[in-house]
Amino acid sequence: MHPRKLIPIALLGVMLVTSGCKNYATVREKNPGFQAASPTGELLVKALKSRERSAEARMGHFIDAAYDASRKLKKNPKDSLALEEYNFAVARVFDVLHHSGLQPWKAPVLCRGASRTWRFSVLTSGKREHDPSYYRILPADRFVFRGSLVSERMVKPGIGAPMVIASKGFDPSKFDPFIQGKNVYYGITQVLHFRGDACIAGYVDPLSTEDVAFQGHRFPVAADFSAPIALALAELRPRRIELQRMFSPTDYSSNIRVARLQPYNPKKIPILCVHGLGDSQATWAPMIEALRGDETIRKNYQIWFYSYPTGYPYPLMAALLRKKLDEIRTFYPDHKPLVVIGHSMGGMISRALITDSGDKLWNTFFETPPEKTPLTEKSRELLVEALIFRHRPDVCRVIFASASHRGADMAVNFWGRMGRRLIGIPAGLTQVGKEMALLSKPREDGRKLQQAPNSIDVLDPNNRFVTTIDKIPPNPKIPFHSIIADRGKGGNRDHTKPQSTDGIVPYWSSHMPGAQSELIVPSGHWSNQDPQAIAEVKRILKLHLKGSSG
């Protein structure tokens, strides 16, 4: 990034931080302790204090405790203390394993316990991309998280030790272009099974398996739905690049993608989250954790996201999303229709997915149809994709959160003008901007287009794309819902002051006639993180399962 941009970007960063986007997460590691309340607990305390030098011996002591607890669970599956002891012991086995360099997924490791030597092994799927050598396997109970997006730990009680697996020196996206990215963070649960002297570790995916057989009984699978996302936020620090993706979007154009946050399941409905201006998929963390924590939603939905550099004009990003959805359909031809949740400018993108534009948007810019407008082929192709489109048949419902359908006055105030200058004309749009300036007709107030618009330009309430698409009703067969924030201050719903607003987008911009439901929540602009808004999303998703549109 050019040095001259750094100072104003820093100023804008201060503005965004004070608007509610502080550091997303920090992490501190701890050494979990245990208080002995039974002979098994005494084994654990002794193992924690052990001065054994070899990792195998330390693991052997924890395996002893896990085995002892498993025998008690066989006799009494409701023994909560035995369950706690078992889970803690399993976590400590993997704690030692993480720091040891041992690879029990390749060959059993001999772990000397108090009265026997355990043959410890780790089962894998056999797929290369699942090779544990490529990941850190980290007990979730080691981590303490703080930050604006990790205020509540979403956990599920049950059997097993929740783990975070984090990729290291390995790019799993080469096996699947729609995996979450080069840096994978995912939650699994490890369970130890015993067969004679064999101690076999097998992992369970708590997003696909609700309960498991263990010692002759069925147990719910334990899970920590917060730890994987929180650790990713803390280690990857996405806030660092969100502003860069807004002010230097061309540098991140190769990262535009639709990705899934869990293994693909054709039986589950995709929820596609679309973030807003200056944000990334990271800002959905509280929503994702809460949805995963709901059993009904966890069983019936899978979460995907659309990631894009937000300095580009949103009609172009909507066109690219349509292309990505076409690619998804080719790669996963059996996927169910999507429920889309769009926040802020992501709501504007989502709105385009349920709209049949016809030639209305094209005609607001040009006097002649595409084939008769003297554009270069590349510019014509780009403009046709951005201005002429049909609703997506693979979208079955949309939820808008603080969507800026009619723009926002912020786009034309001091900060908006500064942002517009900093973004400038994204590279790749210079030529089409020149052609549009030459060929497009003036808008109703007589102003002529000077250059290709950027993301701030298309948030101007008087932008002709914004005013024209507002007059085109969404496809009536696709239900949509609105979640609107007012900071708890209320206000007038029209342009009369004091206006009802979330601090950035006013009610008159977010309101959409024809919504199946509209809820106003006492939140700032990031209403997709508000507890009431998240509860409303849950309600809508469960209604969707019942075939209801209300």
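In this predicted model, the secondary structure of the chain comprises 17 helices and 19 strands. The chain has 550 residues and a radius of gyration of 26 Å, which agrees with the value near 24 Å that a compact globule of that length would have. Along the principal axes, the C-alpha atoms occupy a box of roughly 90 × 45 × 45 Å.

How much of the chain counts as buried? Of the 550 residues, 57% fall in that class. The surface that the chain exposes comes to about 23,800 Å², and 53% of this area is supplied by carbon and sulfur atoms. Contacts tell a further part of the story: among those in the chain with a separation of 6 or more, 77% join residues that are 24 or more positions apart. As for charge, the chain carries 76 positive and 52 negative charges, and the mean positions of these two groups are 2 Å apart.

The cysteines come next. A disulfide is a covalent bond between the sulfur atoms of two cysteines. How many disulfides does the structure hold? The count is 0. Cys 111 is in no disulfide, and the nearest cysteine sulfur, which belongs to Cys 199, is 7.7 Å away. Because its relative accessibility is 0%, Cys 111 counts as buried. Cys 396 is likewise in no disulfide; here the nearest cysteine sulfur is that of Cys 273, at 14 Å.

Strand E18 and the loop that follows offer several details to look for in the structure. Ser 482 is part of strand E18, which spans residues 480-485. With a relative accessibility of 1%, and buried meaning under 20%, Ser 482 counts as buried. Which residues does Ser 482 touch, apart from those up to four places away in sequence? Its partners are Phe 400, Ser 510, Met 512, Ala 515, Ser 517, Glu 518 and Leu 519. Between the C-alpha atoms of Ser 482 and Leu 272 the distance in space is 16 Å, while 210 residues separate the two in sequence.

The loop between E18 and H16 contains Arg 487. Arg 487 has a phi near 65°, a positive value in a residue other than glycine. Is Arg 487 buried or partly exposed? Its relative accessible area is 38%, so Arg 487 is partly exposed. Pro 498 also has its place in the loop between E18 and helix H16, the latter covering residues 507-510. The peptide bond that leads from Lys 497 to Pro 498 is cis, and its omega is near -5°.

A positive phi also appears at Ser 344, where the angle is about 55° although the residue is not a glycine. Ser 344 sits in the loop between strand E16, residues 338-343, and helix H10, residues 345-353. At 7% relative accessibility, Ser 344 counts as buried.

Two other serines lie in loops as well. Ser 248 is located between helix H6 (239-247) and strand E13 (257-260). Ser 248 counts as buried because its relative accessibility is 9%. In sequence, Ser 248 and Lys 267 are 19 residues apart, and in space their C-alpha atoms are 39 Å apart. Ser 148, in turn, is found in the loop between strand E5 (143-146) and strand E6 (155-156). At 32% relative accessibility, Ser 148 counts as partly exposed. How far apart in space are Ser 148 and Lys 448? Their C-alpha atoms are 43 Å apart, and their positions lie 300 residues apart in sequence.

The final residue to visit is Phe 389, which lies in the loop between helix H12 (377-387) and strand E17 (395-401). Its relative accessible area is 6%, so Phe 389 is buried. Leaving aside neighbours within four places in sequence, Phe 389 is in contact with Arg 322, Ala 352, Thr 355, Asp 356, Ser 357, Gly 358, Leu 361, Phe 465 and Ile 469. One of these partners, Leu 361, is 28 residues from Phe 389 along the chain, and the C-alpha atoms of the two are separated by 9.6 Å.

Technical notes
Residues are numbered from 1 along each chain as its sequence is written. This is a predicted model: local features need pLDDT of at least 70, side-chain atom pairs count only at pLDDT 80 or more; totals for chains, interfaces and linings use all residues. Side-chain values use heavy atoms; hydrogens and water are left out. A disulfide is a pair of cysteine sulfur atoms within 2.5 Å. Buried means under 20% relative accessible area, exposed over 50%, partly exposed in between (1.4 Å probe, protein chains only). Helices (H or I, at least four residues) and strands (E, at least two) are DSSP runs, numbered from the N terminus. The radius of gyration is taken over C-alpha atoms; the globule rule is 2.2 Å times the number of residues to the power 0.38. Contact means heavy atoms within 4.5 Å. Accessible areas come from the Shrake-Rupley method with a 1.4 Å probe; for residues, only the protein chains shown count as cover. Lys and Arg count as positive and Asp and Glu as negative; His and the chain ends are not counted. The place of a charge is taken as NZ of Lys, CZ of Arg, CG of Asp or CD of Glu.
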